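Welcome! Open your viewer, get comfortable, and follow along stop by stop.

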Amino acid sequence: MLVSEFQYDLPPERIAQQPLADRAGSRLLHLNRQNGTRLDQNFREFPDLLRSDDLLVVNNTRVFPARLYGRRSGERAQAPGPQNPAARDFLRGRIEVLLTRQISDDPKEWECLVRPGRKIGIGEKLHFSSNFSGQAGNPSEGGSAGLGTEIEAEVIGRGDFGERRIRFAPVSDFFACIERIGHVPLPPYIHRDHHRGNDRTDQAADRDRYQTVYAQARGSVAAPTAGLHFTPEILEQIRGRGIEIAAITLHVGLGTFQPVRVEKVEDHNLHRERYEISAEAAKAINRAKAEGRRVVAVGTTTVRTLEYAAAQSAQLSHERTDRHQVEAGRGEAEAFIYPGYRFRIIDALLTNFHLPQSTLLMLVCALSGKEFAMSAYRHAVDAGYRFYSYGDCMFVE
């Protein structure tokens with residue numbers, strides 16, 4: 001199967017740059033796999049689309065401000081000559097680090113993406129400050145001149161696709177520091193403040209809006225965006241109908257930002273992502289499957305977690321049966337789901353619209369059928385739906 005089969009054309013103006021004032025005000029494209037119909041609806045109708053005996057499963061991961069701005073020390077850099085025009089800005093330019101996956105806790109080591117990556121080699125020291133967020137060399141805009149360091153890291157490794165491994169110097173409360181100096185890691189297709197020459201993409205409001213109302217477990221560098229539509233009132237409506245809700249955790253990592261670089265879908269490999277399924281959630285999921293009730297996933301992250309956990313459970317049990325279940329516990333998921341996949345747990349899915357040729361679009365196509373899903377995407381473009389993280393949603397059943 002070719003990656004190019006998952007291409008669709010999207011005008012830039014369809015990419016939502018800001019969240020709606022009302023979380024639950026999004027449109028919803030309803031796909032019914034049984035009769036092949038699609039219907040334009042609103043998210044506020046979602047509770048009524050659920051069956052009274054459904055189990056709704058959400059991902060309660062919490063996004064932390066994983067984008068850091070700072071400067072490099074130049075440990076391995078060669079200074080330009082005094083007559084070189086670049087000498088004035090040597091080591092004054094801003095560097096950006098996106099923390100994607102924690103490798104160890106003591107010492108605190110992280111996998112990350114770095115920009116500009118070509119300048120940051122192994123052994124480089126990185127200095128981060130809450131003030132370093134503006135243009136290079138301009139103190140009034142947060143330039144490096146005279147700014148102190150609030151946290152420091154050293155580059156200790158390099159990955160196959162330019163990612164770095166960094167080790168942070170000890171601080172009294174690491175995450176308190178990150179919360180203070182970090183920025184919301186909005187996706188690269190959200191652009192703001194370019195008229196000032198500043199490519200910061202987050203605003204104060206994003207700390208609330210790029211987070212689900214049920215977020216609890218800190219660890220994600222990207223929001224499980226299907227959950228952004230829910231409000232406490234919508235959740236109460238769902239519970240009021242007697243519908244059970246279970247929460248699992250998948251910390252979204254580098255795989256979300258990783259493009260598919262191969263021509264054949266089957267040749268792509270996903271990064272691992274940390275997950276946890278509580279005993280309570282596992283019991284609810286297994287009970288629903290045993291009773292023949294639907295398991296409705298909120299977001300592709302929930303799908304990946306439950307399908308990976310079910311596959312692991314099947315391997316451990318060595319049983320050949322159509323009855324699938326998940327085990328409580330923690331691990332690292334690497335579930336790559338594309339058309340042809342046989343779902344063990346998930347029966348229906350609420351999801352946002354995803355990028356062309358992305359693994360998330362492939363997952364949606366696996367559940368709904370590729371032609372049906374791609375036709376729905378073309379309809380959504382023509383009908384003016386808002387796309388991606390802050391955009392509208394789709395319900396596949």
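Before we set off, one convention for helix pairs: angles under 35 degrees count as roughly parallel, over 145 as roughly antiparallel, 65 to 115 as roughly perpendicular, and the rest as oblique. Keep in mind, too, that this is a predicted model.

**Stop one: a pair of helices.** Select α7 (residues 359–368) together with α8 (residues 370–382); their axes come within 7 Å and cross at roughly 120°. The two helices are therefore oblique to each other. Turn the view until one helix lies over the other, and you can follow the right-handed crossing of α7 past α8.

Now show the side chains where they touch. From α7, pick Leu361, Val364, Cys365 and Ser368; from α8, pick Lys370, Phe372, Ala373, Met374 and Tyr377, which they meet. What kinds of residue make up this contact of α7 with α8? There are seven nonpolar, one polar and one charged.

**Stop two: a helix with two faces.** Move to α4, residues 232–240, and colour Ile234, Leu235 and Ile238, which are buried. Look down the axis of α4: these buried residues fall within an arc of 100°, so they line one face of the helix. A helix has 3.6 residues a turn, so residues three or four places apart point the same way.

Next, add the neighbours α1 (46–49), β3 (55–59) and β12 (244–250), against which the buried residues of α4 pack. Then swing round to the face turned away from the buried side, where Glu233, Glu236 and Gly240 are exposed.

**Last stop.** Step just past the end of α4 to Gly242, which takes a positive phi of about 80°.

How values were computed. Residues are numbered from 1 along each chain as its sequence is written. This is a predicted model: local features need pLDDT of at least 70, side-chain atom pairs count only at pLDDT 80 or more; totals for chains, interfaces and linings use all residues. Side-chain values use heavy atoms; hydrogens and water are left out. Buried means under 20% relative accessible area, exposed over 50%, partly exposed in between (1.4 Å probe, protein chains only). Helices (H or I, at least four residues) and strands (E, at least two) are DSSP runs, numbered from the N terminus. The arc is that of the directions from the helix axis to the C-beta atoms. Contact means heavy atoms within 4.5 Å. Axes are lines fitted to C-alpha atoms, for helices over the stretch in contact, and angles run from 0 to 180 degrees between N-to-C directions. A crossing is left-handed if the near helix is turned anticlockwise from the far one by less than a right angle, and right-handed if clockwise. Ala, Val, Leu, Ile, Met, Phe, Trp, Tyr, Cys and Pro count as nonpolar, Asp, Glu, Lys and Arg as charged, and the others, Gly among them, as polar.
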